[in-house]
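Visitor: I would like to take a close look at one part of this structure, and then to see how that part sits among its surroundings. Please take your time over the answer.

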Amino acid sequence: MDLNQWFQKGLTVDGYINAMTTNKEEMLAIYEGFTLTEEDKNRLKAFRSQNLRAIVLSEDWCGDAMLNNPILLKIAEAAGMEVRFVLRDSNLELMDQYLTNGTSRAIPIFIFINEEGNEVGVWGPRAPELQAFVMEKRAALPDKDAEDFQAKQTEMFKSLRATYQTDASIWQTVANSILATLLK
C-alpha cells in the first residue's frame with residue numbers, strides 16, 4: 001500500500017480516542033492542558049496552504065504516545081492538518097518501514113505526507129531532548145541481571161509517566177521538536 005492508502009485506512013482522531021482503553025484520560029488531560037504559543041500558532045497558520053496530512057503509528061498503551069499524540073493534535077489543528085491513526089501492532093507492514101535505529105518498533109511515529117501522498121517528514125518516537133532524559137534515567141538502573149532491576153525499571157516508568165503528565169516544559173519541548181520537523 002502507498003501512504004495515501006495507509007492514511008485512508010487509518011482511524012480518525014475521534015475513532016482512535018473513542019477506541020482507547022488505556023491512557024485515554026491522561027492523554028486528554030495533556031491535550032486540554034497544552035497550548036501552543038501565539039508565535040507557533042501564527043507560523044502554523046501560514047503553513048495551512050501546504051495541505052499536509054499526518055499518519056500516526058501508535059497504540060493507546062504507549063506512554064510516549066500518551067505524551068506526544070495530544071501535542072501533535074494541537075499542532076495539526078493550528079495547521080489545518082488532518083490526522084489518521086494506524087495501530088502499530090496490527091499494521092507491522094507499515095511500522096517496519098519506520099523502525100527506530102533500524103531495529104525498534106518504537107512509537108509513536110508521525111509520517112507527514114502531502115496531497116500526492118509523498119512523505120515530506122517523519123517524527124518520533126521522542127524529541128531528542130526527551131530521549132536524552134530517558135537514556136539518563138535508564139543509565140541509572142541496575143544491571144538487567146540484578147535482583148532489583150524489574151522493580152527499579154517499573155519505578156522509573158511510573159516516574160516518567162507522572163512527569164509526562166504534569167511537566168508543561170516537556171510538552172513544549174515535544175512541540176518544538178515536532179515543529180522543527182514540520183517547518184524546516
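Which residues does T181 touch, not counting residues up to four places away in sequence?

Guide: The model is a predicted one, and within it T181 touches F112, G121, V122 and W123, once residues up to four places away in sequence are set aside. T181 itself lies in helix α9, and with a relative accessibility of 15%, below the 20% cut-off, it counts as buried. Its contacts lead to two strands, β3, which covers residues 109-113, and β4, which covers residues 119-123, and these strands deserve a description of their own.

Strand β3 is mostly covered, since five of its five residues are buried. The burial concerns both of its faces, with I109, I111 and I113 on one side and F110 and F112 on the other. F112, one of the residues that T181 touches, thus belongs to the side of β3 that also carries F110. On the pairing of this strand, β3 and β4 run in the antiparallel sense and are joined over four bridges. Within that pairing F110 stands opposite W123, while the bridge partner of I111 in β4 is V122; both W123 and V122 are among the residues touched by T181. The two strands form a hairpin with five residues between them, and in its turn G117 has a positive phi of about 90°. Strand β3 also pairs with strand β1, residues 53-58, again in the antiparallel sense and over five bridges. In that pairing A54 has F112 as its bridge partner, so that F112 is tied to A54 through the strand pairing and to T181 through a contact.

Helix α9, which spans residues 168-182, has a further role in the arrangement, for along with α5, residues 63-79, it is included in what covers the buried residues of α4. In helix α4, residues 38-47, the buried residues are D40, L44 and F47. Seen down the axis of α4, these buried residues fall within an arc of 45°, so they line one face of the helix. The face turned away from that buried side carries the exposed residues E38, E39, K45 and A46. F47, one of the buried residues of α4, also takes part in the lining of the largest cavity, together with R48, Q50, N51, L52, A79, G80 and M81. By the rule applied here, the count comes to one cavity of 30 Å³ or more, and the volume of the largest cavity is about 40 Å³. Sorted by class, its lining has four nonpolar, three polar and one charged residues.

From the enclosed space one may turn to the open ones. The largest pocket holds about 510 Å³ of space, and 24 residues line it, of which D64, A106, I107, R126 and R138 lie nearest its centre. Helix α5, already met as part of the cover over α4, supplies at least two residues of this lining, as do α7, residues 128-139, and α8, residues 149-166. The lining of the largest pocket is made up of 11 nonpolar, seven polar and six charged residues. The second largest pocket has a volume of about 160 Å³, and it is lined by K137, A140, L141, P142, K152, E155, M156, S159 and L160. Helix α8 gives the most to this second lining, with five residues, and by class the lining divides into five nonpolar, one polar and three charged.

For a contrast with the buried T181, one may look at T21, which is found in the loop between α2, residues 13-19, and α3, residues 24-33. At 70% relative accessibility, above the 50% cut-off, T21 counts as exposed. T21 and E129 are 108 residues apart in sequence, and their C-alpha atoms lie 29 Å apart in space.

Methods: Residues are numbered from 1 along each chain as its sequence is written. This is a predicted model: local features need pLDDT of at least 70, side-chain atom pairs count only at pLDDT 80 or more; totals for chains, interfaces and linings use all residues. Side-chain values use heavy atoms; hydrogens and water are left out. On a 1 Å grid over the protein atoms alone, a cavity is a set of points where a 1.4 Å probe fits but cannot get out, and a pocket is an open set with protein on both sides within 12 Å along at least five of seven lines; lining residues have an atom within 4 Å of a point. Grid points are joined across faces, edges and corners, and a volume is the space filled by probe spheres set on the points. Ala, Val, Leu, Ile, Met, Phe, Trp, Tyr, Cys and Pro count as nonpolar, Asp, Glu, Lys and Arg as charged, and the others, Gly among them, as polar. Buried means under 20% relative accessible area, exposed over 50%, partly exposed in between (1.4 Å probe, protein chains only). The arc is that of the directions from the helix axis to the C-beta atoms. Contact means heavy atoms within 4.5 Å. Two strands pair if DSSP finds at least two bridges between them.
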